[in-house]
Amino acid sequence: MDELLVEKVLRCAELVPAGRVASYGDVASIVGTGPRLVGRVMAQWGSQVCWWRITNHSGDLPSHLLAEAEPHWRAEGITLKPNGRGCRFADHRADLDELNDQWQRATNDLTDQRPDRPMT
């Protein structure tokens, strides 16, 4: 996997404020990639960032992560859906314009070293 893409995704995840969530698609839109790639990056390299703040568009996480995410959500005031399968995404969605602005500033130092490939 492209190390630059991994870094971009992880920096975006780190910028989601406590008490807020963003979807894989939200992050993908900001970074310039697809939601499945965001999910793959989070699955393989996201354990050192606030991974519980990145969910699907319904506020759900893979079932094997839900029990581990719940204490983080409770501590941050993120409420669970009545069915217990995820969080109330609409109530806790991050401000995407603000997230994008912060991400742009946070990735100014990243450059693609390959001249044949433009930055996304």
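Select Asp109 to begin the tour of this predicted model. Asp109 is exposed, with a relative accessible area of 52%, and it is found in the segment after helix H6 (96–106). Next, display the side chain of Arg11, which meets that of Asp109 in a salt bridge (2.5 Å, N to O). Arg11 belongs to helix H1 (residues 3–15), and the pair links distant parts of the chain, 98 residues apart. In contrast to Asp109, Arg11 is buried, because its relative accessible area of 17% is under 20%. Add Glu7 to the selection: Glu7, Arg11 and Asp109 are linked in a network of salt bridges. The count of salt bridges in the model comes to six.

Proceed to Glu76, in helix H4. Its partner in a salt bridge is Arg53, and the closest N and O atoms are 2.7 Å apart. This pair also connects distant parts of the chain, since Arg53 lies in the loop between H3 and E2, 23 residues apart from Glu76. Arg53 counts as buried, at 11% relative accessibility.

Remain on helix H4 and select Arg74 and Glu70, which are four residues apart, about one turn of the helix. Their side chains meet in a salt bridge of 3.8 Å, N to O. Arg74 is exposed, with a relative accessible area of 55%, whereas Glu70 is partly exposed, at 21%.

Now select Ser58, in the loop between strand E2 (54–55) and helix H4 (63–76). Which residues does Ser58 touch, not counting those up to four places away in sequence? They are Lys81, Cys87 and Phe89. Ser58 itself is partly exposed, with a relative accessible area of 30%. For a sense of scale, mark Leu15 as well: Ser58 and Leu15 are 43 residues apart in sequence and 20 Å apart in space, C-alpha to C-alpha.

Turn then to helix H2 (residues 24–31) and H3, which pack with their axes 8 Å apart. The angle between them is about 105°, so H2 and H3 are roughly perpendicular to each other. To view the contact, select Tyr24, Gly25, Val27 and Ala28 in H2, which meet Pro35, Val38 and Gly39 in H3.

The final stop is Trp45, in helix H3 (residues 35–45). Trp45 is partly exposed, with a relative accessible area of 37%. Select Met1 and Leu37 together with Trp45 and show the surface: these residues form a nonpolar patch there, with about 250 Å² of accessible area together.

Notes:
Residues are numbered from 1 along each chain as its sequence is written. This is a predicted model: local features need pLDDT of at least 70, side-chain atom pairs count only at pLDDT 80 or more; totals for chains, interfaces and linings use all residues. Side-chain values use heavy atoms; hydrogens and water are left out. Patches are made of residues with over 30% relative accessible area and no salt bridge: like charges are joined within 9 Å, nonpolar side chains (Val, Leu, Ile, Met, Phe, Trp, Tyr) within 5 Å. Accessible areas come from the Shrake-Rupley method with a 1.4 Å probe; for residues, only the protein chains shown count as cover. A salt bridge is a side-chain nitrogen of Lys or Arg within 4 Å of a carboxyl oxygen of Asp or Glu. Helices (H or I, at least four residues) and strands (E, at least two) are DSSP runs, numbered from the N terminus. Buried means under 20% relative accessible area, exposed over 50%, partly exposed in between (1.4 Å probe, protein chains only). Axes are lines fitted to C-alpha atoms, for helices over the stretch in contact, and angles run from 0 to 180 degrees between N-to-C directions. Angles under 35 degrees count as roughly parallel, over 145 as roughly antiparallel, 65 to 115 as roughly perpendicular and the rest as oblique. Contact means heavy atoms within 4.5 Å.
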